[in-house]
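Biologist: I should like to go through the terms used for this structure and ask what each one rests on. Please set every value against its definition.

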Amino acid sequence: MSALYPLGLRLAGRTVVVVGGGAVAARRASSLVDAGAIVTVVAPEASAELRALLAIGAVTWRERAYLTGDLNGAWLAHTATGVPDVDALVSADAEAARIWCVNASDRHEATAWVPAVTRRDDVTVSVSTGGDPRRAMALRDAIGVAFDTGSLPLRHHRRAAGAGTVHLVGGGPGAPDLITTRGRRLLAEADVVVADRLGPRSLLRELGEDVLVIDVGKLPGHHPVPQDEINALLVEHAQAGKRVVRLKGGDPYVLGRGGEEADYCRRHGVTVEVVPGVTSAISVPAAAGIPVTHRGVANGFSVVTGHEEIAGLPGGRDHTVVLLMGVTALRGSAKALASTARGADCPVAIIEDGYGDGQRVTIGTLSNIAAQAKARGVRSPAVVVIGDVVSLSPYAEASHSQPTTTAQIPALARKATP
Ligand SMILES: C[S@@+](CC[C@H](N)C(=O)[O-])C[C@H]1O[C@@H](n2cnc3c(N)ncnc32)[C@H](O)[C@@H]1O
């Protein structure tokens with residue numbers, strides 16, 4: 001058989017005749033309706049799927065067997081009756097009238113084939129495999145997954161008309177596979193990426209050479225690019241028609257100033273979408289085996305940055321406290337928390353560089369954690385967890401036989417640390 005010539009059809013407002021009342025015919029009728037076609041179905045009986053289409057008035061039904069002449073005025077025919085003789089007659093009538101015809105029972109007779117299709121935004125992928133529809137569907141699905149996970153070259157090379165966009169993408173705590181699939185896809189489409197110090201920075205290496213990467217990474221106490229300038233950069237590039245991704249660590253709305261960036265963009269007329277991320281406040285404790293809530297141990301948690309907010313925190317050890325950016329002020333925070341209902345012997349964990357090569361866990365209590373952190377040279381980025389949930393960590397158990405190292409807990413180990 002000679003090769004197929006792939007083609008896209010504009011069917012809006014054009015008549016298509018579908019012969020057959022079963023599930024296949026109904027599925028095809030439904031996608032033809034989606035394409036805007038005027039669909040007439042010829043069948044003595046209608047399946048439940050076809051009845052659903054009839055109920056909403058999407059198709060016209062000739063409730064009888066097919067008759068020569070039913071294709072008059074059609075641009076396309078589709079036969080799926082399950083009766084080879086009827087399908088053959090429809091095919092022959094279509095051929096005589098020069099109407100393209102999909103024939104579900106005989107692919108050699110068919111003058112048109114329906115490929116396996118997947119659509120994302122403005123991209124349509126059609127797969128034909130020469131008569132093996134399940135293979136075509138499997139391939140189509142694999143392409144869909146590759147699309148969603150950003151592993152296809154998705155960059156647009158023609159500027160969209162009008163202004164660009166900003167996506168504030170939560171990149172998660174740093175591991176490249178802890179960003180959402182939506183975030184990953186948007187990164188693959190970006191013209192400009194404005195990146196933080198934390199988050200999945202290894203993904204930046206996968207970007208094309210012509211993608212502009214602006215590193216605005218902040219270190220504690222040292223902000224190379226001030227927030228005002230970050231906001232201005234986002235707007236400037238979007239207004240130049242670019243697709244801008246602001247790649248942020250964790251979740252944009254958790255102590256990440258995402259709200260301010262989104263506000264600034266909107267105030268300057270730039271379309272902005274926030275893509276949630278896996279926050280370090282929950283995921284980094286999990287990397288050390290600590291659930292922030294646990295039935296019978298803690299039924300809530302608060303995420304704060306420093307000891308100023310501590311006085312107003314609810315509960316005792318059954319209300320977990322997660323400190324972000326808390327290393328520098330740890331001594332003061334621990335002291336303030338020890339003076340609440342939690343008490344000085346409340347368990348504390350510090351997890352440095354969660355999911356990174358330098359992941360290390362230090363376990364102590366509110367009375368000794370600052371001294372331990374100093375002795376071990378604890379550094380940012382780190383998440384500090386305070387409350388009884390810390391005792392659930394395998395590291396807490398191991399800490400009874402000091403010193404605690406990541407290597408002692410192989411299931412959780414990223415790297416053996418001294
Ligand atoms: C400016 S806050 C941003 C938080 C972010 N929006 C989030 O949802 O995770 C930065 C702080 O997050 C914490 N952090 C982020 N990623 C981390 C990681 N991989 N390991 C340890 N701490 C991390 C540290 O406390 C760090 O100082």
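Modeller: Domain bounds here come from an automatic or database domain assignment. The model itself is predicted. The assignment divides the chain into domain 1 (15-114), domain 2 (115-148), domain 3 (165-278) and domain 4 (281-408). The centres of domain 1 and domain 4, taken over C-alpha atoms, are 66 Å apart.

Biologist: How do you know which residues surround the ligand, and how many are there?

Modeller: A residue counts as near if one of its heavy atoms lies within 4 Å. The shell holds 19 residues, and the closest are Val254, Thr279, Ser280, Gly354 and Ala382. Domain 3 (165-278) and domain 4 (281-408) each contribute at least three residues to this shell. At least two come from each of α8 (280-287) and β17 (382-386). By class, the shell consists of 11 nonpolar, 6 polar and 2 charged residues.

Biologist: What makes the approach of alanine 382 to the ligand a polar contact?

Modeller: The cut-off for a pair of N or O atoms is 3.5 Å. A backbone N or O atom of alanine 382 lies 2.7 Å from a ligand oxygen, so the pair meets the criterion. Glycine 354 places a backbone N or O atom 2.8 Å from a nitrogen atom of the ligand. For glycine 249, a polar backbone atom is 3.2 Å from a ligand nitrogen. Of the 570 Å² of accessible area that the ligand has on its own, the protein covers 90%.

Biologist: Why is arginine 14 said to lie over the face of tryptophan 75?

Modeller: The rule asks for CZ of Arg within 6 Å of the ring centre and within 35 degrees of the ring normal. Arginine 14 is at 4.4 Å from the ring centre of tryptophan 75 and lies over its face; the distance therefore satisfies the limit.

Biologist: How many aromatic pairs does the rule give?

Modeller: Ring centres must lie within 6.5 Å to pair, and the count by this rule is 0.

Biologist: What makes the bond between serine 380 and proline 381 cis, and where is proline 381 found?

Modeller: Omega of this cis peptide bond is about 0°. Proline 381 is in the loop between α10 (369-376) and β17.

Terms used. Residues numbered from 1 in each chain as written. Predicted model: local features only at pLDDT ≥ 70, side-chain atom pairs only at ≥ 80, totals over all residues. Heavy atoms only, no water. Phe/Tyr/Trp six-rings, centres within 6.5 Å; stacked < 30°, edge-to-face > 60°. Polar contact = N/O pair within 3.5 Å; in protein donor to acceptor, adjacent residues only side chain to side chain. Areas by Shrake-Rupley, 256 points an atom, 1.4 Å probe, with all protein chains shown as cover. Helix = DSSP H or I, 4+ residues; strand = E, 2+ residues; numbered from the N terminus. Nonpolar A, V, L, I, M, F, W, Y, C, P; charged D, E, K, R; others polar.
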